[in-house]
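User: Hi, I have just opened this structure and would like a friendly tour. Could you take me through some of its features?

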Amino acid sequence: MPATATATARRNRARPAKATTRPQEAAAARDGCTELSAWTSVRQERWEGELPVQGRLPDWLSGTYLRSGPGLWDADGGGGAFHYLFDGYATLVRVSFRQGRATGAHRLIESDAYVSAVESGGPVLLEFSQCPKPGNMLDRVSNAVGILSGAALTDNPNAGVLPLGDGRVLCLTESTKSSVLVDPETLATVGKFRYADGLGGMMMMIQSGHPIVTESELLKVLPDLARPGHLVVRMAAGSDKREVIGRVDCRGGPTPGWMHSFAVTENYVVVPEMPLRYSASRLLKGEPAPYYAFEWLPASGSYMHVMCRSTGKTVASVEVPPFMAIHYINAYEERGEDDGPAAAVIVDCCEHYGDPAIIETLALHRLRSFRDQDVLPDARVGRFRIPLDGSPFGELDTALDPEEHGRGIDMCSINPAYRGRACRYAYACGARRPCNFPNTLTKIDLVEKAAKNWHEEGAVPSEPFFVARPGATDEDDGVVISIVSALGGDGYALVLDAKTFQEIARVSFPYGLPYGFHGCWIPEKILPDRV
């Protein structure tokens, strides 16, 4: 879906020169940190080239790893800087592997939010923590209408990148209009993805920022802010039309709980409802809430809902202890006696002991200033058990000793072949304390209740992504890829043997890149020759 000629011309006027590098002095003044690239704006809008390899890449590793995340926290080059990790304008990173060699690239995504900020000298649309200040009462009314309709919300697609199953690649965040198509080779912005359905509209302009993608479909959840609840929808591979599986009504209120991600089993969709809820004042007035876009309302209750994937009916809705989870690892069905019908659903997640403090931790001044202080809130592998016998309550326990992963865990992944069924291994970012942010990669063994950890002093790794060896039968037969921001402004893509969790290679970028969020793997068979 190509962008319109008008939009393309506007972007061409707004974009910085391709090869213009930001001066180190300007970066230091702007970001207050040049030692670590993770929290520093990207040096230039785009780059592409050969990447030197240290170590040996597996001969079978052929394909492209893509990762999206924030890359630019000041579109005007000066005073208009953002203050929160989630606000940075999206940068897409590519690392392509073939026959032991690698090439790479990065490029800013030309969203309307980014282009308008460049043109205006500062943010125009509502970001996660940034609210453009109204000049008068008319501006306030206009902002409220724009927020409720979604027109004033950002389309900055920095949360994730995923293949649609037909060669198209989509970047997105948590506003429905943020779905942007990109070219997986050049990383160029192709245009907006237009859904061919009538879903959305007033008060339904938010989506789960971390959909679940399989070879046959994409699953996501749409919060209903007017009548608190969630629509669970699917979109077939190659389609542009979402279809409603069913609806879950929230049991707490006054608004739905934030849901960045969720979990599925072979037969069910698990819809979490935690007490970190969308702020009504933020929605109506465009003003920051206690937790930016959210309020922590533990008295509103915490719940887990289970929906049948085939019928759309809610088969369980249980109250659980207060929880705070952004990312879900996996879920599976626990069978009854004699391998009968499912008796319960088990859900593993990165859980913060029912404390939303992690939201405050991600302010940029904290990330840049508290590097050697032990201020990262504790986290664990939380395990929910949701009974399917009509019981009103579920359980929340700790799956393994949190000291195994340094009492920090987030940005998780598994072998995707095991999604929705019992898996043994999970990969995540953990902690070696003291630290202010997850600074290790960890392989969790959910059977042995143990972990293997990778750590490099001063480095910040991003989400570990598992790629299976073709023909593998063991769950952990493959590699784990993570893009790492190192001390001194350096950066590289790390490749670990997933079995031993030892480094086998690293692929160096010419300079370090900002921290990123979620990625995807595109096998070589659907990409033309590049390396």
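Here is a short walk through one sheet, some ring pairs and some salt bridges.

Analyst: Welcome! This is a predicted model, in which local features need pLDDT of at least 70 and side-chain atom pairs count only at pLDDT 80 or more, while totals for chains, interfaces and linings use all residues. Residues are numbered from 1 along each chain as its sequence is written, and side-chain values use heavy atoms, with hydrogens and water left out.

User: In what order do the four strands of the open sheet lie?

Analyst: Strands here are DSSP runs of E with at least two residues, and helices are runs of H or I with at least four, both numbered from the N terminus. Two strands pair if DSSP finds at least two bridges between them. The edge strands, each pairing on one side only, are β6 (160-163) and β9 (189-192). With antiparallel pairing, the order is β6-β7-β8-β9.

User: Which residue in β7 is the bridge partner of Pro163?

Analyst: β6 pairs with β7 (residues 169-172) in the antiparallel sense over four bridges. The two strands form a hairpin with five residues between them, and Gly165 in the turn has a positive phi of about 90 degrees. Val161 stands opposite Cys171, while the partner of Pro163 is Val169.

User: What is the angle between the planes of Tyr84 and Phe128?

Analyst: Rings of Phe, Tyr and Trp (its six-membered ring) pair if their centres lie within 6.5 Å; planes under 30 degrees apart count as stacked, over 60 as edge-to-face and the rest as tilted. A search of the whole structure finds 22 such aromatic pairs. Tyr84 and Phe128 are 44 residues apart in the chain. Their rings are 5.1 Å apart centre to centre and stacked, with the planes at 25 degrees.

User: Is Phe294, the partner of Trp258, buried or exposed?

Analyst: The rings of Trp258 and Phe294 have their centres 4.7 Å apart and their planes at 25 degrees, so they are stacked. Trp258 sits in the loop between β13 (243-249) and β14 (263-264), and Phe294 in strand β17 (residues 294-296). Buried means under 20% relative accessible area, exposed over 50% and partly exposed in between (1.4 Å probe, protein chains only). Trp258 has 4% and Phe294 has 2%, so Phe294 counts as buried.

User: Which residue lies over the face of Tyr425?

Analyst: A charge sits over a ring if NZ of Lys or CZ of Arg is within 6 Å of the ring centre and within 35 degrees of the ring normal. Over the face of Tyr418, at 4.3 Å from the ring centre, lies Arg421. Over the face of Tyr425, at 4.3 Å from the ring centre, lies Lys443.

User: Why does the salt bridge of Arg234 and Glu217 tie together separate parts of the sequence?

Analyst: A salt bridge is a side-chain nitrogen of Lys or Arg within 4 Å of a carboxyl oxygen of Asp or Glu, and the structure holds 30 of them. In this one, the closest N and O atoms are 3.0 Å apart. Arg234 is partly exposed at 26%, whereas Glu217 is buried at 12%. Because Arg234 lies in strand β12 (residues 229-236) and Glu217 in strand β11 (residues 217-224), the pair joins parts whose separation in sequence is 17 residues.

User: Which residues share a salt-bridge network with Asp374?

Analyst: Asp374 forms a salt bridge with Arg433, with the closest N and O atoms 2.8 Å apart. The two are 59 residues apart in the chain. Through shared partners, Asp374 is joined into one network with Asp378, Glu403, Arg407 and Arg433.
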